[in-house]
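Please look over the structure shown here, and then follow the paragraphs below from one chain to the other.

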Amino acid sequence: MEAVFLMFILMLSIFVGFELINKVPATLHTPLMSGANAISGITVVGAVALAGTGRGDLANWLGAAAVALASINVVGGYMVTDRMLAMFKKRGG
Amino acid sequence: MASEQIGIQLAYVIASALFIFGLKYLGSPATARKGNQISAVGMLLAVLAALLDQGIVDYSYILAGFVVGGAVGAVAARKVQMTSMPEMVALFNGFGGLASLAVGIAAVLMAVASSTFALFTVALSILIGGVTFTGSIIAWGKLSEKLGNLKALANQKNVSLAVAGGVIVSALLFLAFPETGLWLFLLVLLSLAFGILLVIPIGGADMPVVISLLNSYSGLAACAAGFAIGNNILIVAGSLVGASGIILTQIMCKAMNRSLSNVLFSGFADPVEAAASIEGEVKPLSVEDAFYVLEAASSVAIIPGYGMAVAQAQHVVNELRELLEKNGAEVVFGIHPVAGRMPGHMNVLLAEADVPYDLLLEMDEINPRMDAVDVAIVIGANDVVNPAAREVESSPIYGMPVINVDNARTVFVLKRSMASGFAGIDNPLFFKDNTRMIFGDAKETITGLIREFD
């Protein structure tokens, strides 16, 4: 039953995603991609539970590695996107 | 459900809403920065909620991961040059994939995933994560020219098919015998190999497609990892990223008039014989003469390509724009979707050089007004302005939508020398009656024009 519930979420999010991204103008496609990098760092949320067992075994280390890798995406992705978007100015603005 | 569990889930609901609002605000350059900040708040909320999980007994590993990853990310984000954004996004795609792969493996080892469905999604997160990781590393190497000119293996098709078959077989064996570590190990190894094989044959001009596709995969890998550990925020965020990458991939393919499978697999095919060479004479023009033409122009369109980024000419281009505007001319920029090495790359470079974004027109906006343009200046672009796409049926790029600069009264092509572009195709534009070639480094040529104005 849970699998069906999760697939329901998947289906709705994909539709929302398509609707939203189609409205992003071409001029913002690079920030869109780096912003997507940041969002795909969401894996960090799943990784913290695996990194927090304190067992010191392989799974624990893999979890910690995943936290580090995903944190690169989250921090780097949001920061570089902000840096780029700050450069977009309108004429006279 | 325990009360803090409900709290965590509610925080995830709010975080999802913030991600969606953030993307919605990305619909206009005026609100985009705010959108990114809203999305970042959503991420912070999701991470804080995740830290409340009762299964966490030791925060030291988590903290170490945050510190190391956060520091690397922050330094990279500050240091990266805008010309190198494609490499950085490629690398980040790879990290995202590797993180999801690690979560997938850890979920099996800790028996978080035990039902066949959960194991199936673990296999998916390993496959997609692994392909994303090695594929992105190859893409990064190609973009930063660290890997030189990698070409497809001699019998790449058979090797790829064998590895793909191996992936399927090892995944099935893993589902049947999840306790045997060997199949899991084999699946990881073959997935990593498959990512390399997938990207190696793809050429530099097709990089915008590859990088968009890998962007999508990094989201889908997070999505699969979300299924593996039963976490719905991973599924929501992952599929938003997946959808974004798929749309960009479609836009890039359409802009090159090619199908995705053609981009991915044509590297296996033998190279097409060059079409009949073009007869004609190129008409070179000196910077001084070019200045007189520009001084008299009342409407100028600038069409940049990757060559502008290579020559680091974007800042002088903006200076020239300001001088032309002071001189009474209207100046716009025409940006082809695949100009540069990733979607929207030219726009960021020009924004960095202080070109207002309302002057950056898309191909469909600039083409109808090209007839009224006095001078079109092509800077470091070749294939995206090649009229062979309309006129020469035997051309490999025939049918690709291009910016029709040849419809302008005069065309200036700034070019280092008479070599053909990235795709290695002759460009009849250079031989048209209204085309003038200005040879030399783009930055020096434009600096020369600016000096003439003073």
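**From chain A to the sheet of chain B**

In this predicted model, residues 7–90 of chain A form a span that is 77% helix and 0% strand, and its end C-alpha atoms lie 42 Å apart. An unreviewed UniProt entry lists these residues as "domain: NAD(P) transhydrogenase alpha subunit C-terminal". UniProt, again in an unreviewed entry, also places the feature "transmembrane region" at residues 6–22, 34–52 and 58–81 of chain A. Two of these stretches can be described further. Residues 34–52 of chain A are 84% helix and 0% strand, with end C-alpha atoms 28 Å apart. Residues 58–81 of chain A are 100% helix and 0% strand, and here the end C-alpha atoms are 34 Å apart.

Next comes the contact between the two chains. Here 77 residues of chain A are in contact with 96 residues of chain B. Several elements of chain B each supply at least two residues to the side that touches chain A, among them helix H1 (3–25), helix H2 (32–51), helix H3 (60–79) and strand S3 (360–362). Sorted by class, this side of chain B has 64 nonpolar, 25 polar and 7 charged residues.

One residue of chain B illustrates the contact. B:Asp53 sits in the loop between H2 and H3 of chain B. Is B:Asp53 buried or exposed? The answer lies in between: B:Asp53 counts as partly exposed because 14 other C-beta atoms lie within 10 Å, while a buried residue needs 20 or more and an exposed one has 12 or fewer. Apart from neighbours within four places in sequence, B:Asp53 is in contact with A:Val48, A:Ala49 and B:Ile8. The C-alpha atom of B:Asp53 is separated by 27 Å from that of B:Asn93, which is 40 residues away along the chain.

The nonpolar core can be followed in a similar way. The largest nonpolar core has 201 residues, of which A:Ala66, A:Val67, B:Ile303, B:Val378 and B:Ile379 touch the most other members. Helix H4 (residues 58–85) of chain A gives the largest share of this core, 17 residues. If residues up to four places away in sequence are not counted, A:Val67 touches A:Val44, A:Ala47, A:Val48 and A:Ala51, as well as B:Ile62, B:Gly65, B:Phe66 and B:Gly69.

The last part to look at is a sheet in chain B. The 6 strands of this open sheet follow the order S3-S2-S1-S4-S5-S6, and their pairing is parallel. S3 and strand S6 (435–439) of chain B each have a single partner strand, so they stand at the edges, with one side of each left without a neighbour in the sheet. On average, neighbouring strands of the sheet are turned by 25 degrees against each other, direction ignored. Helix H13 (residues 314–326) of chain B packs on the sheet and touches S1, S2 and strand S4 (375–379) of chain B. The direction of helix H13 makes about 145 degrees with that of S2(B).

Individual strand pairs show how the sheet is joined. In chain B, strand S1 (residues 299–304) and strand S2 (residues 330–335) pair in the parallel sense over 4 bridges. B:Ser299 stands opposite B:Glu330 in S2(B), and B:Val300 has B:Val331 of S2(B) as its bridge partner. S2(B) and S3(B) also run parallel and are joined by 3 bridges. B:Ile335 has B:Glu362 in S3(B) as its bridge partner.

Definitions and conventions
Residues are numbered from 1 along each chain as its sequence is written. Chains are lettered from A and ligands numbered from 1 in the order in which they are written. This is a predicted model: local features need pLDDT of at least 70, side-chain atom pairs count only at pLDDT 80 or more; totals for chains, interfaces and linings use all residues. UniProt positions are given in the numbering used here, feature names are shortened, and annotations may be inferred rather than shown by experiment. Two residues are in contact if their C-beta atoms, placed from the backbone, lie within 7 Å. Ala, Val, Leu, Ile, Met, Phe, Trp, Tyr, Cys and Pro count as nonpolar, Asp, Glu, Lys and Arg as charged, and the others, Gly among them, as polar. Two strands pair if DSSP finds at least two bridges between them. Axes are lines fitted to C-alpha atoms, for helices over the stretch in contact, and angles run from 0 to 180 degrees between N-to-C directions. A nonpolar core is a set of buried Ala, Val, Leu, Ile, Met, Phe, Trp, Tyr and Cys residues joined through C-beta atoms within 7 Å.
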